[in-house]
Amino acid sequence: MPEGDTVFHTAAALRDALVGKTLTRCDVRVPRYATVDLSGEVVDEVLSRGKHLFIRAGVTSIHSHLKMEGAWRIGPAKVAQHRIRIVLETADSRATGIDLGILEILDRATDMDAVAYLGPDLLGPDWEPRVAAANLAADPDRPLAQALLDQRVMAGVGNVYCNELCFLFGRLPTAPVGTLKDPLRVVQRARDMLWLNRLRWNRTTTGDTRNGRRLWVYGRAGEPCRRCGTLIETDPGGERVTYWCPLCQTPD
């Protein structure tokens, strides 16, 4: 599932493939921008902001968001054509945007307006843990999972990290934010987890990179808790699927 670390890694891969090179092909398959052709422009920057990606060439910026299923592929992309949203080629590279939740062409001078609402970027140069902690604690009655997923609090946490953070701090996803003893420690742990995973595709929150041992609770419904052995529970009926250990995590 694409989260801030995946987007950061994707930006690094796109940077290696495109930056400093002239586009020989630009095929945008979104009706609103279908006439845009950046062929002849040099890609001079690729950056991530939370879960958002920006590819800058000349006065133009390509803004994308992977949402739940999106991806950028470097090299041949063996997928159905209807899933492709954009193709960028240089003399020796190809980048394909697949199932992108958002794809728009922006004026480079104002492209950051699209993400001005975001809180501190967990993997960005503007990371400010005390600001993120204050944002998190601003509404003490808010469910913890809801607050962690709010990109206005801090940018980059998705459902995987949300569930894992709730487990690590011993709180149910539905527990009020006000039950946290140290919000600053929570946001710092979120930053540490994303930072350690920013350059690998198969993330781990347990510190164990072996298959089947990378996560504490996410995706492990019915399996034993790695700490106490109690079976992990899940609620698939909400806006986001949640996972928790009924013994290790409490409502307060």
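**Notes on the pockets, rings and core**

1. Let's begin with a pocket: about 280 Å³ of space lies in the second largest one. Keep in mind as you read that this is a predicted model. Around that second largest pocket sit 19 lining residues, and Thr6, Gly70, Ala71, Trp72 and Arg73 are the ones nearest its centre. Helix 1 (4-18) and strand 5 (71-74) are the elements that give two or more residues to this lining. Sorted by class, the lining of the second largest pocket has 12 nonpolar, 3 polar and 4 charged residues.

2. Now for the largest pocket, which has a volume of about 730 Å³. Its lining takes in 29 residues; look for Ala145, Gln146, Leu149, Glu239 and Arg240 if you want those nearest the centre. Two or more lining residues come from each of helix 3 (144-149), helix 4 (159-168) and strand 10 (242-244). The lining of the largest pocket splits into 12 nonpolar, 10 polar and 7 charged residues.

3. Gln146 deserves a second look, since this residue is among those nearest the centre of the largest pocket. You'll find Gln146 in helix 3. Is Gln146 buried, exposed or partly exposed? With a relative accessible area of 45%, Gln146 is partly exposed. Follow the chain for 106 residues and you get to Asp252, whose C-alpha atom is separated from that of Gln146 by 16 Å.

4. On to the aromatic rings, where the count comes to 2 pairs. In one of them, Phe167 and Trp216 have ring centres 5.4 Å apart and planes at 25°, so this pair is stacked. The cut-off for stacking is planes under 30 degrees apart. Phe167 belongs to helix 4, while Trp216 is in the loop between helix 5 (183-197) and strand 9 (233-235), so the pair ties together parts that are 49 residues apart in sequence. Both Phe167 and Trp216 are buried.

5. Tyr218 and Tyr243 also form an aromatic pair, and this one is edge-to-face, with 5.1 Å from centre to centre and 65° between the planes. Which parts does it tie together? Tyr218 lies in the loop between helix 5 and strand 9, and Tyr243 in strand 10, so parts 25 residues apart in sequence are tied together. Tyr218 is buried, as is Tyr243.

6. A couple of arginines lie over ring faces too. Arg227 lies over the face of Trp216, at 5.2 Å from the ring centre; Trp216 is also the partner of Phe167 in the stacked pair. Elsewhere, Arg198 lies over the face of Trp195, and here the distance to the ring centre is 3.7 Å.

7. What about the inside? The largest nonpolar core has 38 residues, and the members that touch the most others are Leu136, Leu148, Met154, Val157 and Val187. At least two residues of the core come from each of helix 2 (129-137), helix 3, helix 4 and helix 5. Which helix gives the largest share? That would be helix 4, with 7 residues. Helix 4 has turned up before, as one of the elements lining the largest pocket and as the home of Phe167.

8. Last, a loop residue. Val177 lies in the loop between helix 4 and helix 5. Is Val177 buried or exposed? Its relative accessibility is 2%, so Val177 counts as buried. Leu215 is 38 residues from Val177 in sequence, and their C-alpha atoms are 23 Å apart in space.

Conventions:
Residues numbered from 1 in each chain as written. Predicted model: local features only at pLDDT ≥ 70, side-chain atom pairs only at ≥ 80, totals over all residues. Heavy atoms only, no water. 1 Å grid on protein atoms, 1.4 Å probe; cavity = no way out; pocket = protein on both sides within 12 Å on 5 of 7 lines; lining within 4 Å. Points joined across faces, edges and corners; volume = space filled by probe spheres on them. Helix = DSSP H or I, 4+ residues; strand = E, 2+ residues; numbered from the N terminus. Nonpolar A, V, L, I, M, F, W, Y, C, P; charged D, E, K, R; others polar. Phe/Tyr/Trp six-rings, centres within 6.5 Å; stacked < 30°, edge-to-face > 60°. Buried < 20%, exposed > 50% of the residue type's maximum accessible area, 1.4 Å probe, protein only. Lys NZ or Arg CZ within 6 Å of the ring centre and 35° of its normal. Core = buried A, V, L, I, M, F, W, Y, C linked by side-chain atoms within 4.5 Å.
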